[in-house]
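Colleague: I am new to reading structures like this one, and I would like to go through it with you slowly. Could we look at it together and take one feature at a time?

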Amino acid sequence: MIPSPPDVETVTELLRSVIDPELGADIVTLGMVPSVTVSDDGVVSVGVKLTIGGCPLRAQIKKDVETRVAVHPGVTKVKIDWGEMTSEERSNVMLKARWNARENAPNTEVPTTTRILAIASGKGGVGKSSVTVNLAAAIAAAGFTVGVLDADIWGFSVPRLLGIDDRLEAEAVEGHDKPMIIPRTLPMGRGMLKVVSTGFLVDEDTALMWRGLMLNKAVEQFLRDVHWGELDYLLIDMPPGTGDVQMGLARMLPRTDLLIITTPAIAAQKVAARAADMARRSFLRVCGVIENMSSFTCDHGVEYPLFGTGGGQALANEIGVELLGRVPLEPAVAAGGDTGRPVAIDGTGLAATEFRAIARKLIDEVAPPLNMAGCSARMLTMAAAALDAADHPKSA
Ligand SMILES: Nc1ncnc2c1ncn2[C@@H]1O[C@H](COP(=O)(O)OP(=O)(O)OP(=O)(O)O)[C@@H](O)[C@H]1O
Ligand SMILES: [Mg+2]
């Protein structure tokens, strides 16, 4: 007797064992299977929507779907109708993947109320580190405690950019059975920076803890063994070519948002594809694009688009996020890096102003602080301070 074909529910159950290895969940749960039909002669047609058409996992998903479904008696043939997700469907899938990852994420020392922003780019030398320290300084100056994690383990530049050459100390911390690394603190306006970089780890005992670590392991260690304490924001300066580190981050801190930095060169198309692909693979949310090294304005007020124009907007459009700002090419930015004093602190030029505007946009709209209770208390303090200042003008 010829076995009868399975019903649609049975096929759907079988498909639940097909896991998208990058997103870490099964394709049914992820909403990647829009249709299943079974004909009387045992031909099963499965609709599979990929997050992107050229998904490198297509062959593997095909094989998995075919082998899982074909094992059922009564199935004579498995057909796959490929489709591609709309950008809305894609972001829903990413959301589900993030939720799954969140449930399985290991413990870190980063408070759950911390807003985490990783500053990344498709290529090196575009100003990730400069943007990181300037945004960190501007956000801190607005009254927040901002962690800066230099995830560029071997090519660290944060210590120089912030003018810190201290060493990190490990200290006993209540509730921990081994000593914890204490970040360097730097008062900044009404707030404060807490900075960690391998550049500080010259102390022998501390350095010992790091010996032989792989790049992504080192970042994991930073997240576990650093006693961050209270933290409104954590800005992570990503190394160039961030594949590994990004995957590690996605596993440890799946709520991380990516800020992608690009230059205005329109050849950003290729970079855009790479950045978007990195985000997809690590299913981290991209919360915005910042164009750096935009046009240079000379002393006579003439604007020169030295590195082209439109790259930031093109990248933002490609990923479907907002272009948060365009930081001009300005010698003061590089000089601020050399003296260890980011221009965003008190610079008066266009770049400094733009850094502060981007920081404002992050705080107010794009990545507002998560600690609402602390925030309103802080707002009261700020309001009181403002009233105080109005009552006692400086000239008085
Ligand atoms: N807006 C700007 N105006 C002028 N100089 C800038 C600007 N942004 C960055 N720079 C300079 O460009 C160089 C590269 O910047 P930065 O080190 O921040 O890039 P990066 O993306 O972190 O590089 P890497 O990929 O090597 O980590 C530095 O010398 C920095 O001072
Ligand atoms: Mg850098």
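Colleague: At about what angle does helix 12 run to strand 17?

Modeller: Please keep in mind that this is a predicted model. Helix 12, which covers residues 350-366, lies across strand 14 and strand 17. Its direction relative to strand 17 is given by an angle of about 165 degrees.

Colleague: Which strands stand at the edges of the sheet?

Modeller: The open sheet is formed by eight strands in the order 10-11-7-12-6-13-14-17, and their pairing is mixed. A strand at the edge has a single partner strand, so one of its sides is left without a neighbour in the sheet. That is the situation of strand 10 (184-188) and strand 17 (323-328).

Colleague: In which sense do strand 6 and strand 13 pair?

Modeller: In general, strands of a sheet pair through backbone hydrogen bonds, and they do so either parallel or antiparallel. Strand 6 takes in residues 115-121 and strand 13 residues 257-262, with five bridges between the two. Within this pair A120 of strand 6 stands opposite I260 in strand 13, and the sense of the pairing is parallel.

Colleague: Which elements give two or more residues to the shell around ligand 1?

Modeller: Ligand 1 is surrounded by 21 residues, the closest being G124, G127, S129, S130 and A334. Sorted by class, this shell has eight nonpolar, 10 polar and three charged residues. The elements that give two or more residues to the shell are helix 4, strand 14 and helix 11 (331-339).

Notes:
Residues numbered from 1 in each chain as written. Chains lettered and ligands numbered in written order. Predicted model: local features only at pLDDT ≥ 70, side-chain atom pairs only at ≥ 80, totals over all residues. Pairing = 2+ DSSP bridges. Helix = DSSP H or I, 4+ residues; strand = E, 2+ residues; numbered from the N terminus. Contact = placed C-beta atoms within 7 Å. Axes fitted to C-alpha atoms, helices over the stretch in contact; angles between N-to-C directions. Near = placed C-beta within 6 Å. Nonpolar A, V, L, I, M, F, W, Y, C, P; charged D, E, K, R; others polar.
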